[in-house]
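The following exercises concern the fold, the charged side-chain pairs and the cysteines of a protein model. Please inspect the sequence and the coordinates before reading the solutions.

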Amino acid sequence: MTQPASPPPRSSLWGLAVVLLLVFGGMQAWTWWRHERQGEAVKALAQPDQITMYTTTTCPYCAKAKVWLNGHAVPWRECNIDLDATCRATFEAQGAPGVPLLQVKGHWQLGFDPLWLTRALQTEPRQPSPSTDRSPRP
């Protein structure tokens with residue numbers, strides 16, 4: 001007859017919990033450090049009037065992006081589609097399903113991504129054309 005497996009010792013469970021906390025904490029620190037590096041890069045590359053973010057008054061992702069941009073002293077322009085008819089018309093012309101929608105040097109991005117922002121600022125300005133000037137859809 002086989003005996004039922006005994007539960008692991010409590011010290012093993014505590015050790016596992018400590019390892020998991022260290023891994024989670026390390027991942028959080030790595031993410032913070034990457035965002036800080038991206039913030040420095042974006043701030044160094046961005047010129048006034050290169051970044052426009054289309055937002056709404058109630059968008060939590062827009063609010064988070066605003067905090068990031070302002071926290072890194074990045075020059076940008078907000079275009080609130082709830083408050084400005086011109087902004088709404090431009091937003092609707094892109095066919096984007098939501099906000100934040102970023103326009104950087106003629107390039108469009110749905111959602112806020114510091115890495116994309118850095119890459120877009122490093123590219124040549126794109127000339128709009130009727131067939132290709134559409135935002136990416138998920």
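Four exercises on this predicted model follow, each with a worked solution.

**Exercise 1. Describe the secondary structure and the surface of the protein.**

Solution.
- Step 1: The protein contains four helices and four strands.
- Step 2: Along the sequence, these elements are arranged in the pattern α-β-α-β-α-β-β-α.
- Step 3: Of the 138 residues in the protein, 33% are buried.
- Step 4: The accessible surface amounts to about 9,400 Å², and carbon and sulfur atoms contribute 61% of this area.
- Step 5: When contacts between residues at least 6 apart in sequence are considered, 60% of them join residues at least 24 apart.

**Exercise 2. Determine which parts of the protein are tied together by the salt bridge between Lys-66 and Glu-78.**

Solution.
- Step 1: The search of the whole structure yields three salt bridges. In the pair formed by Lys-66 and Glu-78, the closest N and O atoms are 2.9 Å apart, which satisfies the 4 Å cut-off for a salt bridge.
- Step 2: Lys-66 belongs to helix α2 (residues 60-71), whereas Glu-78 belongs to strand β2 (residues 77-80), so the salt bridge ties together parts that are 12 residues apart in sequence.
- Step 3: Lys-66 has a relative accessibility of 22% and is classed as partly exposed. Glu-78 is also partly exposed, at 33%.

**Exercise 3. Establish how Asp-82, Arg-88 and Glu-92 are linked.**

Solution.
- Step 1: Arg-88 forms a salt bridge with Asp-82, in which the closest N and O atoms lie 3.8 Å apart.
- Step 2: Arg-88 also forms a salt bridge with Glu-92, with a closest N to O distance of 3.3 Å.
- Step 3: Glu-92 and Arg-88 are four residues apart in helix α3 (residues 85-94), and therefore about one helical turn separates them.
- Step 4: The relative accessible area is 31% for Arg-88, which is partly exposed. Asp-82, with 40%, is partly exposed as well.
- Step 5: Taken together, Asp-82, Arg-88 and Glu-92 constitute a network of salt bridges.

**Exercise 4. Identify the disulfide of the model and classify its cysteines as buried or exposed.**

Solution.
- Step 1: The count of disulfides is one. The bond joins Cys-79 to Cys-87, with an S to S distance of 1.7 Å; the cut-off for the sulfur pair is 2.5 Å.
- Step 2: The angle about the S-S bond is -90°, and the link of Cys-79 and Cys-87 is left-handed.
- Step 3: A residue counts as buried when its relative accessible area is under 20%. Cys-79 has a relative accessibility of 3% and is therefore buried. The value for Cys-87 is 5%, so this residue is buried too.
- Step 4: The same cut-off may be applied to two further cysteines. Cys-59 is buried at 10% relative accessibility, and Cys-62 is buried with a relative accessible area of 0%.

Conventions:
Residues are numbered from 1 along each chain as its sequence is written. This is a predicted model: local features need pLDDT of at least 70, side-chain atom pairs count only at pLDDT 80 or more; totals for chains, interfaces and linings use all residues. Side-chain values use heavy atoms; hydrogens and water are left out. A salt bridge is a side-chain nitrogen of Lys or Arg within 4 Å of a carboxyl oxygen of Asp or Glu. Helices (H or I, at least four residues) and strands (E, at least two) are DSSP runs, numbered from the N terminus. Buried means under 20% relative accessible area, exposed over 50%, partly exposed in between (1.4 Å probe, protein chains only). Contact means heavy atoms within 4.5 Å. Accessible areas come from the Shrake-Rupley method with a 1.4 Å probe; for residues, only the protein chains shown count as cover.
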